[in-house]
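Trainee: I've got a new model open and would like to walk through it. Can we begin with the ligand?

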Amino acid sequence: MAKLKVALCGGGTGGHYYPILAVAQRLSEKFDTEFLYFTIAGRLDDKRVDQDFAEVKKIPLNVHGLIRPIYKPSNVGIVIKHLMQTRIVKKELQEFRPDFLFSSGGYISFPVVLAASKLNIPIYLHEQNALPGMANKKLAKYATAIFVSFKESIEKFGKFSHKARFTGNPVRRVYKNREEVFEELKFDMSKPLIVVMGGSQGSSFINKKMLELYELINSDKHDFQFLHITGRGEDPQKFEKYSFVKTFEYIYDLHEYVAKADLVISRGGATSIAEIVNYNRRAIVIPWNGAAENHQYHNAVILEKLGLGCVILEDAVTAELLLSRIVNSLSRKTSTIHVLKEPVELIIENIIREESR
Ligand SMILES: CC(=O)N[C@H]1[C@@H](OP(=O)(O)OP(=O)(O)OC[C@H]2O[C@@H](n3ccc(=O)[nH]c3=O)[C@H](O)[C@@H]2O)O[C@H](CO)[C@@H](O)[C@@H]1O
């Protein structure tokens with residue numbers, strides 16, 4: 001059988017990159033695959049693609065996000081740069097001749113999707129957030145299908161809603177068991193594990209609030225153990241006096257720890273939320289109130305509706321409130337979500353169905 005050739009784009013942050021990785025890894029398990037990945041030069045996807053993919057050609061593009069509000073004059077230069085990148089993309093796609101393009105949105109998808117549409121390459125978009133991003137909404141007209149993570153987003157595609165299919169947000173496969181995770185962290189298996197993460201770049205707001213909480217816990221008697229992802233630029237020494245906290249700047253396979261956590265304290269980034277939902281974890285979500293159109297709040301509320309967690313708005317966060325929510329969450333039983341099929345399987349099934357028409 002001929003190789004399945006797939007062009008990919010989506011990155012910058014983990015929220016866009018990990019869903020692509022989850023789909024690509026599963027495609028490679030099922031088919032003989034070859035990938036062409038358009039990355040954002042210098043960003044997470046650009047740094048990781050060569051290590052995460054077996055057979056891949058990486059094309060870094062020199063693209064930047066638009067400055068909001070989007071009608072700023074400085075955006076004209078950015079748009080021109082994107083159009084220039086379209087030429088590079090077109091040449092690469094012509095050479096590689098992919099069976100289809102899979103894109104997880106974000107600004108890099110503009111030159112890539114536009115070039116693919118000019119070459120009549122089937123285009124599949126994935127939207128992680130409850131409120132679709134600008135790129136996916138603008139590019140919906142070129143798509144064969146749009147996979148959405150929340151049912152609520154289908155109607156947000158307006159006249160292209162008929163292309164949207166609810167699949168969920170694909171998450172990376174988990175390989176480690178609970179013993180392995182606790183062993184690696186040198187944590188006690190009889191005590192709860194709480195994973196703290198502020199999205200793929202960390203959150204200084206969450207770090208600050210958690211430090212206040214750790215101070216409170218220090219003077220109280222609790223058995224919690226925290227794996228805390230600080231992000232770059234945070235001083236690890238601030239956390240050293242708390243023996244029940246282990247910090248890391250970044251861990252590439254954080255999903256393995258999320259999957260085994262008794263509780264997750266997180267921002268409302270769509271892929272973090274997807275991991276909490278798919279691994280059926282409990283969570284306390286503090287949405288970042290600077291997210292475009294407040295989309296993190298909308299992601300978080302859906303998780304709350306599923307009975308998997310509670311949302312605390314930034315203005316309301318105090319150490320005392322966090323502590324009471326932690327105690328409360330850990331004392332409750334999780335409601336089990338019945339995921340009929342994994343998002344990654346649903347996406348692949350849909351693509352195969354479309355491609356064999
Ligand atoms: C600041 C920002 O622009 N955030 C957006 C970004 O999220 P951002 O990329 O920050 O975060 P998400 O929460 O969506 O995803 C984070 C991903 O990174 C992983 N991870 C994180 C830390 C770590 O050390 N190791 C690790 O593997 C998590 O397990 C998860 O898979 O894209 C998301 C999806 O479009 C949006 O919903 C977010 O609003």
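Trainee: Which residues come nearest to the ligand?

Mentor: Bear in mind that this is a predicted model. Of the 27 residues around the ligand, the nearest are T13, G14, G15, G199 and G269.

Trainee: And which elements give two or more residues to that shell?

Mentor: Helix α1, along with α8 (254–258), α9 (270–278) and α10 (295–305).

Trainee: How do the shell residues divide into nonpolar, polar and charged?

Mentor: There are 15 polar residues, ten nonpolar and two charged.

Trainee: Which domains does the shell draw on?

Mentor: Domain 1 and domain 2 each supply at least three residues to the shell around the ligand.

Trainee: Where are the bounds of those domains?

Mentor: The domain assignment puts 4–170 + 342–355 in domain 1 and 178–331 in domain 2. Their centres, taken over C-alpha atoms, are separated by 29 Å.

Trainee: How many residues are in contact between them?

Mentor: On the domain 1 side 16 residues, which contact 13 residues of domain 2. Helix α1 (residues 14–30) gives the most to that side of domain 1, with four residues. By type, the side of domain 1 that touches domain 2 has eight polar, six nonpolar and two charged residues.

Trainee: Back to the site. Which residues does the UniProt "binding site" annotation cover?

Mentor: The unreviewed entry covers T13, G14, G15, N129, R172, S200, I251 and Q296. These residues are spread over 284 residues of sequence, and in space by up to 22.9 Å between C-alpha atoms.

Trainee: Where does N129 lie?

Mentor: In the loop between β5 and α5 (134–139).

Trainee: Sheets next. What is the strand order in the one with seven strands?

Mentor: The order is β3-β2-β1-β4-β5-β6-β7; the sheet is open and its pairing is parallel.

Trainee: Why is one side of β3 and of β7 left without a neighbour?

Mentor: β3 (56–61) and β7 (164–166) are the edges, and each has a single partner strand, so one side of each lacks a neighbour in the sheet. From one strand to the next, the twist averages 20°.

Trainee: How many bridges are there between β4 and β5?

Mentor: Three, between β4 (residues 100–103) and β5 (residues 123–127), in the parallel sense. S103 has L125 in β5 as its bridge partner. Also on this sheet, helix α2 (residues 44–52) packs against β2 (33–40) and β3, with its direction at about 155° to that of β2.

Trainee: And the six-stranded sheet, what order does that have?

Mentor: β10-β9-β8-β11-β12-β13, again as an open sheet with parallel pairing. The edge strands are β10 (245–248) and β13 (309–311), each pairing on one side only. Neighbouring strands here are turned by 15° against each other on average, direction ignored.

Trainee: What stands opposite V285?

Mentor: V311 in β13. Strand β12 (residues 283–285) pairs with β13 in the parallel sense over three bridges.

Trainee: Which strands does α9 touch?

Mentor: α9 packs on the sheet and touches β8 (193–197), β11 (263–266), β12 and β13. The direction of α9 makes about 170° with that of β11. α9 is also one of the elements giving two or more residues to the shell around the ligand.

Trainee: Last one. What does UniProt annotate over residues 6–147?

Mentor: The unreviewed entry has "domain: Glycosyltransferase family 28 N-terminal" there. Over those residues the chain is 46% helix and 21% strand, with the end C-alpha atoms 17 Å apart.

Note on methods. Residues are numbered from 1 along each chain as its sequence is written. This is a predicted model: local features need pLDDT of at least 70, side-chain atom pairs count only at pLDDT 80 or more; totals for chains, interfaces and linings use all residues. UniProt positions are given in the numbering used here, feature names are shortened, and annotations may be inferred rather than shown by experiment. Domain bounds come from an automatic or database domain assignment. Two residues are in contact if their C-beta atoms, placed from the backbone, lie within 7 Å. Ala, Val, Leu, Ile, Met, Phe, Trp, Tyr, Cys and Pro count as nonpolar, Asp, Glu, Lys and Arg as charged, and the others, Gly among them, as polar. A residue is near a molecule or strand if its C-beta atom, placed from the backbone, lies within 6 Å of it. Two strands pair if DSSP finds at least two bridges between them. Axes are lines fitted to C-alpha atoms, for helices over the stretch in contact, and angles run from 0 to 180 degrees between N-to-C directions.
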